[in-house]
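Student: I would like a close look at a single part of this model. Please take the aromatic residues and work outward from there.

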Amino acid sequence: MKTEFHPIRRKKECIKNYPRPKNPKDIKSFLGLLNYYRRFVDNFAKIAKPLTTLLKKNVNFKWDDRCENAFDKLKQVLMNPPLLVYPDWEKGNFNLTTDASQYAIGAVLSQGIVPNDQPIAYASRTLNQAETNYSVIQKELLAIIWAVKHFRCYLYGRHFIIITDHRPLTFLFGIKDVSSQLIRWRLQLSEYNYTIKYRAGTENSNADCLSRIRMITSEPSGNETESETENARTFEEFKVAENKVIFNSRILEIDGSIKNANDNENIILPISQDCITTHPAIKQIINDYNLDNLQFTNQDKTIIFNRGNRLIVLYNIKTTYLVELKAEQFFQIISEIKEFCQHNNINTFSTIRIEGTSTLNSYMRIRAMFRYVFKDSSITVTIYNEQHLTNEDKQQIIYEYHNTPTGGHSAVSRTIKRLKLNYQWKNLKTDVKHYILNCEVCQKNKTHKKTKQPMLITTTVTKTFERICLDIVGPLPITELGNTHILTMQDELTRYALAVALASTDATTVARAFVECCVCIFGIPTSILTDCGTNFLSDVLKLCANY
């Protein structure tokens, strides 16, 4: 009875996420991996024909459906049996092929006699900022160390062969006087039984391809189109370019709301995957055009509506509307929008002002991203700076972020932080503080922070109204008589309490209420206990005490 095994998901993740080639050089890198295993693939030449056609001279690089189908089918061949095999534990003798590029490292675990070995699993990862500064030999050594750790469950306790295309590694471990870093790596490999063998880079295409997945966007060749050259712009390149002013006459800015855009303007609106938005212009556009039952599929990032002479595109930029995006994510989204426009022949579109909560993803920087990404492009982008909100709009926005179930009557700082994900206006913090101070639910349920005072030696009262405790509650919602605060008075012995409404909390008003409602009725107390507020320590109250 034959048992069929299937590779686990993490073995083939780096192949599944292999990016689409953007030029002939990228196709050669991808086919290099496939050529190594083509002896195990039926009709390899027939399947790869659309890709190899693009490598011919005088052929323009045009990625069509035939190329996409061939690319997907070849990736499936790499990820599934009979190419990706289950390890034969009795046979042993694993081969670990490693390679490193400028930005990534890759490895292939295989079994069999080279070059007829079959792969068991693939692995690759990008280098961090410190590792990219390593020398070539350090990167190659790092690839070996990382790959051995990654496939430890296969290699530990068995002899295996490490195959590399860097010849110095074959004798480097025999040098006596070495650096401290190499000594540490030696110690990490000392528990394994291995042999290092050299193989030329032209024959090491399987691991070499995996080490270059992250740098799939290579230098433009003569056959590249304009759009492919533009898409090669990376966030790292943008960070260098933004040190100088970036100009782009096709990025336009208009004060006002996008809901007032012309009927023939294409609109691309950023929205979360849950289709929840608090942006008033987006909500009005959805209501005006009856765009109901919005739902993104797992594959698509857009919902497109054709309304007369305009396209309305809802573009999925994040999972929920509460998620805050980083600057690099904003750059990726803008790049994807550009690719979407090029693919659908959209030459002009309008969108809303996009910004985050920090200076790293402020509107000024995101505007610079638009100018950089769409530089040397024929696409015109109009950004509507909807910052002229009326007081009613501001109150409604704060209401949605504070009073609704998703707001949960959050505190001032948290409400402001969530508001800044989508909005920014002058005196926003002041408006939020004033709103929450007048929120009836918050005032009834909030807990007051009590500052710790040093322990005092107190005396126990023996008579009623010998000591009166005073405090002020508020501000509260204004009443019909114009009162906003409450003066509370309590006898310390009997706990008898009084409450007097106040229109203000100045010292004169507080002293008058205390004298009229307490002293004139119950007599003069021996002492008064307060929280040392300024309205209780004023000269007016001291004069009352002297009399």
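Which residues do ring pairs link into a cluster with Trp89?

Tutor: Ring pairs join Trp89 to Phe94, Phe151 and Tyr154 in a cluster. Keep in mind that this is a predicted model. The structure holds 20 aromatic pairs. Two of the pairs in this cluster deserve a closer look.

Begin with Trp89 and Phe94. Their rings meet edge-to-face, with centres 5.9 Å apart and planes at 70°. The burial of the two partners can be read from their accessibility. Trp89 counts as partly exposed because its relative accessibility is 37%, between the 20% and 50% limits. Phe94 has a relative accessible area of 0%, so this residue is buried.

Phe94 also pairs with Tyr154. This contact is edge-to-face too: 6.3 Å centre to centre, with 70° between the planes. The pair ties together distant parts of the chain. Phe94 belongs to strand β1, residues 94-100, while Tyr154 belongs to helix α7, residues 152-155. The two are 60 residues apart. Tyr154 is buried as well, because its relative accessible area is 7%, under the 20% limit.

Stay on helix α7. Arg152 is found there. Its relative accessibility is 34%, so Arg152 counts as partly exposed. The charged end of Arg152 sits over the ring of Tyr156, 4.4 Å from the ring centre. Arg152 also reaches another part of the sequence. Leaving out residues up to four places away, Arg152 touches Glu191 and Tyr192. With Tyr192 there is a polar contact between side chains, at 2.9 Å. Arg152 and Tyr192 are 40 residues apart in sequence, yet their C-alpha atoms lie 9.2 Å apart in space.

Now the nonpolar cores. The largest has 31 residues, and Phe349, Met369, Phe370 and Phe374 have the most contacts inside it. Five elements each give two or more residues to this core: α12 (235-241), β9 (310-318), α14 (327-343), α15 (363-373) and β11 (380-385). Helix α14 provides the largest share, 8 residues. Phe370 shows the contacts of one member. Beyond residues up to four places away, Phe370 touches Asn248, Ile251, Ile334, Thr351, Ile354, Val381 and Ile383. A second, separate core has 27 residues, among them Ala121, Trp146, Val148 and Tyr192. Tyr192 is thus a member of that second core and the polar partner of Arg152.

Next, the wider setting. The protein has 21 helices and 15 strands. Of its 547 residues, 45% count as buried. Among contacts with a separation of 6 or more, 67% are between residues 24 or more positions apart.

Finally, confidence. The average pLDDT is 77, and 79% of the residues score at least 70. Residues 1-11 have a pLDDT below 50, and this stretch makes 14 contacts beyond near neighbours in sequence. Residues 214-232 are also below 50, with 41 such contacts in the model. Where pLDDT is low, predicted coordinates should not be read in detail.

Note on methods. Residues numbered from 1 in each chain as written. Predicted model: local features only at pLDDT ≥ 70, side-chain atom pairs only at ≥ 80, totals over all residues. Heavy atoms only, no water. Phe/Tyr/Trp six-rings, centres within 6.5 Å; stacked < 30°, edge-to-face > 60°. Buried < 20%, exposed > 50% of the residue type's maximum accessible area, 1.4 Å probe, protein only. Helix = DSSP H or I, 4+ residues; strand = E, 2+ residues; numbered from the N terminus. Lys NZ or Arg CZ within 6 Å of the ring centre and 35° of its normal. pLDDT = per-residue confidence, 0-100. Contact = heavy atoms within 4.5 Å. Polar contact = N/O pair within 3.5 Å; in protein donor to acceptor, adjacent residues only side chain to side chain. Core = buried A, V, L, I, M, F, W, Y, C linked by side-chain atoms within 4.5 Å.
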